[in-house]
Amino acid sequence: MFPQLTTPRLQMRVLQAGDLQVYQQYLLDNREHLRPWEPERQESFFSDPECLARITLMQQHAETGIAVPFSIFSGEEMVGVCNFSNIVRGVFQACHLGYAISAAHQGKGMMREAVESGIQFMFEQQGLHRIMANYRPENLRSAALLASLGFEREGFARRYLKINGAWCDHVLTAKVRDDD
């Protein structure tokens, strides 16, 4: 029912209720690693009921077509996320991309492998024309990844998102499908 992608090293799919423990383990193992790049998280964010509620919400978003929230697996281990959200159809045919990789797997090219596969799926299978991705200026890894995938800088948003309790600037980028 939900899309699944396979790359040489990874599997990407929408989480199911049976993934609760592996999802929680990913979140807990990477809590400090992801803290500078994510919204402030209360302790309840990591609880069974809230994790299960988010899994259910991910499925609902995928079913209604407003998002494709891929979780990235290497074997049985969840190693990251690659989310295509805020999907808008009609004359826009666009979405936002968000991604994260576990501390233990960064620097191995896995994020690039997953994002590249996800972009291809969104352009070719979902028919999107534009994918937008924003990053904090100090996140040099994200800047390099997006540039290597053909994302172009389109602007700068001052105090754009509240990350880890503070309003943070973001660089705005987009990749436009060239073959349509």
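These legends walk through a few close-up views of a predicted model. Residues are numbered from 1 along each chain as its sequence is written, and side-chain values use heavy atoms, leaving out hydrogens and water. Because the model is predicted, local features need pLDDT of at least 70 and side-chain atom pairs count only at pLDDT 80 or more, while totals for chains, interfaces and linings use all residues.

**View 1. Helix 1 packs against helix 3.** Here you meet helix 1 (residues 20-29) and helix 3 (residues 48-64), whose axes lie 10 Å apart at an angle of about 110 degrees. That angle makes the two helices roughly perpendicular (65 to 115 degrees). Helix 1 brings Leu20, Gln21, Tyr23, Gln24 and Leu27 to the contact, and helix 3 brings Asp48, Cys51, Leu52, Arg54, Ile55 and Met58; contact means heavy atoms within 4.5 Å. By type, these residues divide into 7 nonpolar, 2 polar and 2 charged.

**View 2. An open sheet is formed by 8 strands.** Follow the strands in the order 1-2-3-4-5-6-8-7, and you will find mixed pairing; two strands pair if DSSP finds at least two bridges between them. Strand 1 (4-6) and strand 7 (152-163) stand at the edges with a single partner strand each, so one side of each has no neighbour in the sheet. On average, neighbouring strands are turned by 25 degrees against each other, direction ignored.

**View 3. Strand 1 meets strand 2.** Strand 2 (residues 11-13) runs antiparallel to strand 1, and 3 bridges join them. Look for Gln4, whose bridge partner in strand 2 is Arg13.

**View 4. Helix 4 is mostly covered.** Of the 15 residues in this helix, 11 are buried, meaning under 20% relative accessible area (1.4 Å probe, protein chains only). Among them are Met110, Val115, Ile119 and Phe123. The end C-alpha atoms of helix 4 (residues 110-124) are 21 Å apart, in agreement with the 21 Å expected at 1.5 Å a residue; the expected span is 1.5 Å times one less than the number of residues.

**View 5. Asn86 and Asn164 each have a positive phi.** Most residues other than glycine have a negative phi. Asn86, in strand 4 (residues 77-88), has a phi of about 55 degrees. Asn86 is partly exposed, with a relative accessible area of 49% (partly exposed runs between the buried limit of 20% and the exposed limit of 50%). Asn164 sits in the loop between strand 7 and strand 8 (166-176), with a phi of about 50 degrees. Asn164 is also partly exposed, at 32%.

Technical notes:
Axes are lines fitted to C-alpha atoms, for helices over the stretch in contact, and angles run from 0 to 180 degrees between N-to-C directions. Helices (H or I, at least four residues) and strands (E, at least two) are DSSP runs, numbered from the N terminus. Angles under 35 degrees count as roughly parallel, over 145 as roughly antiparallel, 65 to 115 as roughly perpendicular and the rest as oblique. Ala, Val, Leu, Ile, Met, Phe, Trp, Tyr, Cys and Pro count as nonpolar, Asp, Glu, Lys and Arg as charged, and the others, Gly among them, as polar.
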